[in-house]
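Student: I'd like a close look at one part of this structure, with a sense of what surrounds it. Please take me through it slowly, and explain each term as it comes up.

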Amino acid sequence: MKTTKQATIPLSAVHTVDNGTFSSVQPRTAVDLEIIVPAYNEADRISSTLLETAEYLESQPWSSRVVVVDNGSSDDTGSVVRRFSAARSGNVPIVVIGCGRPGKGAAVRRGILSGTSTFTGFFDADMATPVETLSIAMGHLKQGAAAVIASRHCPGSTFVRHQPLGRRLGGMAFRALTRSMVQEIHDTQCGFKFFDRSAINLALVQCRTTGFAFDVELLHRMQSEGGRIVEVPVAWTDSPSSTFRPLRDGAASFGAVFQMYKG
């Protein structure tokens, strides 16, 4: 039987800064695993993502919760999540919180630091990585890994649907640039990463990057503190409706990594 207990969230976690102002997140009961889904204009597909995720989690032996972080969406993302949550039954709570500061890194940081679960992490709303990968991640985390990350490029990984050529070339260049920052990791950018709470909080508080290069800084900081990162191969499916824009977001990601080297 899954059990939960009331937990008190530290003030530093409950009150976070977005756009220069303080905003609060209601305390959430403690669970074994909390999944953060950063979402920007995901109204069209967030319901199917939540349905697939919740159905899978219902069959697992650990207690869990899904937290959608609405990252300043201009569509109906937040309302869709609230309606979905209100209409379903089951023992996997689904909640939505806001994040006014733009960027995937900002949304993930807000979601993780406002929780107290034993294990936590995030995956993208496009479900490019199979949700079943969570069982593999939990196995490694329970054996002492600090982080478990999905990989599209380590031995054993496959592509169900490839990215367009331009993004593949950009990805190759980005991996070459970040290779020395995150040792022995083939893929820092796959949108599926889970952590031991005790290992992630300090690194996350120290992170300054808010965009798509956030993953690089986070993993670099965790490795610098001696955290063991396990990379698992996955069958990955590119989503044509990805919110990543190669020119805008790609240039910003390269720029952020260069700043990390300087800093």
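Tutor: We will begin with the whole chain, then look closely at one strand and follow its neighbours outward.

A note on reading this first. The model is predicted, so local features need a pLDDT of at least 70 and side-chain atom pairs count only at pLDDT 80 or more, while totals for chains, interfaces and linings use all residues. Residues are numbered from 1 along each chain as its sequence is written, and side-chain values use heavy atoms, leaving out hydrogens and water.

Now the overall picture. The chain has nine helices and 11 strands; these are DSSP runs numbered from the N terminus, with helices (H or I) having at least four residues and strands (E) at least two. Of the 263 residues, 50% are buried. Buried means under 20% relative accessible area, exposed means over 50%, and partly exposed is in between, using a 1.4 Å probe and protein chains only. Contacts are counted when heavy atoms come within 4.5 Å. Among the contacts between residues at least 6 apart in sequence, 82% join residues at least 24 apart.

Our chosen part is strand 3, residues 33–39. Is this strand enclosed or open? Seven of its seven residues are buried, so strand 3 is largely enclosed by the rest of the structure. You can follow this on both sides of the strand: Leu33, Ile35, Val37 and Ala39 point one way, Glu34, Ile36 and Pro38 point the other way, and all of them are buried.

Next, look at the strands beside it. Strands count as paired if DSSP finds at least two bridges between them. Strand 3 runs parallel to strand 4, and seven bridges join the two. Find Ile36 and you will see Val67 of strand 4 standing opposite. Strand 3 also runs parallel to strand 6, this time with four bridges, and here Ile35 has Gly121 as its bridge partner.

How does the chain get from strand 3 to strand 4? Strand 3, helix 2 and strand 4 form a right-handed β-α-β unit. Right-handed means that, with the strands pointing away from the viewer, the path from the first strand over the helix to the second runs clockwise. In the loop between strand 3 and helix 2 sits Asn41. Its phi is near 55 degrees, a positive value in a residue other than glycine, and with 28% relative accessibility Asn41 counts as partly exposed.

The pairing carries on beyond strand 4. Strand 4 (residues 64–70) pairs with strand 5 (residues 94–98) in the parallel sense over five bridges. The chain crosses between them through helix 3 (residues 77–87), and this β-α-β crossover is right-handed. One bridge to find is that between Val66 and Ile94 of strand 5.

Now come back to strand 3 and find a helix that packs against it. The buried residues of helix 5 (residues 133–142) are Thr133, Leu134, Ala137, Met138 and Leu141. Seen down the helix axis, these residues fall within an arc of 135 degrees, so they line one face of helix 5; the arc is that of the directions from the helix axis to the C-beta atoms. They pack against strand 3, helix 2, strand 6, strand 7, strand 9 and strand 10. After helix 5 comes Gly144, whose phi is positive, near 110 degrees.

Strand 7 leads us to one last stop, the loop between strand 7 (147–151) and strand 8 (158–161), where Ser157 lies. Ser157 is buried, with a relative accessible area of 19%. A polar atom of its side chain lies 2.8 Å from the backbone oxygen of Arg152, and the side chain of Ser157 also has a polar atom 2.8 Å from the backbone oxygen of Cys154. Leaving out residues up to four places away in sequence, Ser157 touches Ser151, Arg152, Pro233 and Val234.

His153 lies in that loop as well, between strand 7 and strand 8. At 29% relative accessibility, His153 counts as partly exposed. Its C-alpha is 6.0 Å from that of Asp187, although the two residues are 34 apart in sequence. Not counting residues up to four places away in sequence, His153 touches Phe159, Arg175, His186 and Asp187.

Note on methods
Polar contact = N/O pair within 3.5 Å; in protein donor to acceptor, adjacent residues only side chain to side chain.
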